[in-house]
Amino acid sequence: MKARQKRLVLVGLALVGVAGATTLALSALQSNISYFFSPSQVMASEHPTDAVFRVGGLVVKDTLARQEDGLTVHFKVTDNAAVVPVSYTGILPDLFSEGQGVVAKGRIGTDGVFYAEEVLAKHDESYMPPEVADTLQTAHVDGIVEQTTGANTPRSATQ
Amino acid sequence: MTINWFKFASPAAFYPIAGRLIPWFGRVALALVLIGLFWGFFLTADQLGGSNPQKEYYRIIYVHVPAAWMSMWLYLVLAGWSAIGLVFNTRLSFMMAKAVAPTGAIFTFLALWTGALWGRPSWGTYWDWDPRLTSELLLFFLYIGYIALHSAIDDTRRADRAAALLAIVGLVMVPVIFLSINCPDPNQCAALHQRSDPGSIHLSILIPMLTMTLGLWSYSFAAVFARLRTIILTREADHAWVSDVIAKEATA
C-alpha cells in the first residue's frame, strides 16, 4: 500500500468515527432533556419537588387571565393529555399567545400551581406576510365549506 | 481538451488567479448584499401573519439565516480542504483551510449575535440551551480552536496536520446543527427552534434571503482569497517567484 493510500484509509476511518459520534449525539438530543417535563409527567408527579425544572406545551385557549397587579398572569399549559396551571409575574414574550407553544421554568407550589420564573414562547416554521396567511386561511375555510356542500348536494338530489 | 487541474494546486500558479478573482467576487458581494439588505429591510412585509405573527424584528432573518448557512457551509469547506491536504499532502489545500477559518468564525459569531437580538423580543430570552443554539456555539469554539491550535504550533507543516485533524473531528457538529430540530412532537421538547423548511417560507421573504446568502458567499470567496494570497506569500517567501512578484508590484 502506498503512503497516500494509507493516509486515505486513515482519513476514511476518521470520517467513520465522526459519523458514529454524530449518530450518538443526535440520539442523545432526541431523548428527553432531563429537566424538561410535559404536563402529563407533572400530573403523574414525575417532576422534582425541590428543584427548578421546565414544563412545556400549548397555552390552553381562553385561560389567560391578567391579575389585578397588572403584571401577574395565570394560564394553563397542556400537552393535549393533561393540564398544568401556571402563574407568572413579568413581561411575556411577543410570540406568547393562547394556542401557541411555550416553555416555562420554575417550580410547583404546594397548591399545585406552577410558579414560573421565566416564560419562553416558541415560533414555528411558517414565514408568511399577513395577507398571504389570511388568504390561505380563507381558502382553507372555503375548501371545507365547498367539501361539505359538495358532499350534501348529491344526497339531497337523490332524496 | 483536458485541463491540468494540478497546475492550479501550485501556490505560485494560484496566487495571480486569486488576485484576478478578488475584485469580481468583491463587486458581486457588494451588489448582492446591498440589494438583499434593501429588499429585505424595506420592500418586504412589515410583519408576519398566521401561526407565526412576528413583528418587524423578524427582518433579522435576512442577516441571521444567511450567516448561519454560511457558518455551516464554510466549515464543510474547511474540513474538505483539510482532508484533501492530509491525504495528498498538497500545500495549497492546507493554506486554503487556514484562510477559510476566520471568515467561518465571523459568520458563526454573526449568526449567534443576530440570533440573540432576535430571540429577546420573540422567545423572551437572549440565550437558551436549545440544541441548535448549543451546537452552533460549539461550532464557533471549533473555528476558534482550529485557529488557536494552528497558531500554537511553530512548525507550519505540523500545525497544518494537527489543525486539519481537529477540523475533521469537528465535522461532527455540522449534521448535529442541521438535524438538531428533529423533535418528533414540538410539545414534548424544550427546544425553541422548530422544524424549518424553505417551502413554508413565502417567496417574497425567501428570495431576498437567498440574495443575501449569495452575497455573503461571494464575500467569503473574496475574503478567503485575499487572506490566501497573504498566506502564500508568507509561506513561499524563500522562493524566487515571490521576490519577482514583490519587485513587480513595487514598480507598478
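Which residue in β7(A) does A:G106 stand opposite? That's A:A116, and this small pairing is a handy way into the model, which is a predicted one.

Let's stay with those strands for a moment. β6(A) covers residues 101-108 and β7(A) covers 114-121. The two pair in the antiparallel sense, with seven bridges between them. They form a hairpin, and five residues sit between the strands. If you like checking backbone torsions, go to A:G112 in that turn: its phi is positive, at about 85 degrees.

β7(A) has another partner too. Strand β5 of chain A, residues 83-89, is joined to β7(A) by three bridges, and here the strands run parallel. For a concrete anchor point, take A:S87, whose bridge partner in β7(A) is A:Y115. So β7(A) pairs with β6(A) in the antiparallel sense and with β5(A) in parallel. As a rule of thumb while you look at side chains, those in a regular strand alternate between the two faces of the sheet.

Now zoom out to the whole of chain A. The domain assignment splits off domain 1, residues 1-31, from domain 2, residues 36-121. Their C-alpha centres are 43 Å apart.

Next, chain B. What does its secondary structure look like when read along the sequence? The pattern is α-α-α-α-α-α-α-α, that is, eight helices and zero strands. The C-alpha trace spans about 65 × 35 × 35 Å along its principal axes. Of the 252 residues in chain B, 40% are buried. Look also at how contacts are distributed in sequence: among those in chain B between residues at least 6 apart, 76% join residues at least 24 apart.

Finally, put the chains together. How many residues of each chain are in contact with the other? On the chain A side there are 39, and they are in contact with 42 residues of chain B. Several elements of chain A each supply at least two residues to the side that touches chain B: α1 (3-30), β2 (53-59), β6 (101-108), β7 (114-121) and α3 (130-158). The hairpin strands we started with, β6 and β7, are thus on that list. The largest share, however, comes from α1(A), with 11 residues. By residue type, the side of chain A that touches chain B divides into 23 nonpolar, seven polar and nine charged residues.

Notes. Residues are numbered from 1 along each chain as its sequence is written. Chains are lettered from A and ligands numbered from 1 in the order in which they are written. This is a predicted model: local features need pLDDT of at least 70, side-chain atom pairs count only at pLDDT 80 or more; totals for chains, interfaces and linings use all residues. Domain bounds come from an automatic or database domain assignment. Helices (H or I, at least four residues) and strands (E, at least two) are DSSP runs, numbered from the N terminus. A residue is buried if 20 or more other C-beta atoms lie within 10 Å of its own, exposed if 12 or fewer, and partly exposed in between; C-beta atoms are placed from the backbone. Two residues are in contact if their C-beta atoms, placed from the backbone, lie within 7 Å. Ala, Val, Leu, Ile, Met, Phe, Trp, Tyr, Cys and Pro count as nonpolar, Asp, Glu, Lys and Arg as charged, and the others, Gly among them, as polar. Two strands pair if DSSP finds at least two bridges between them.
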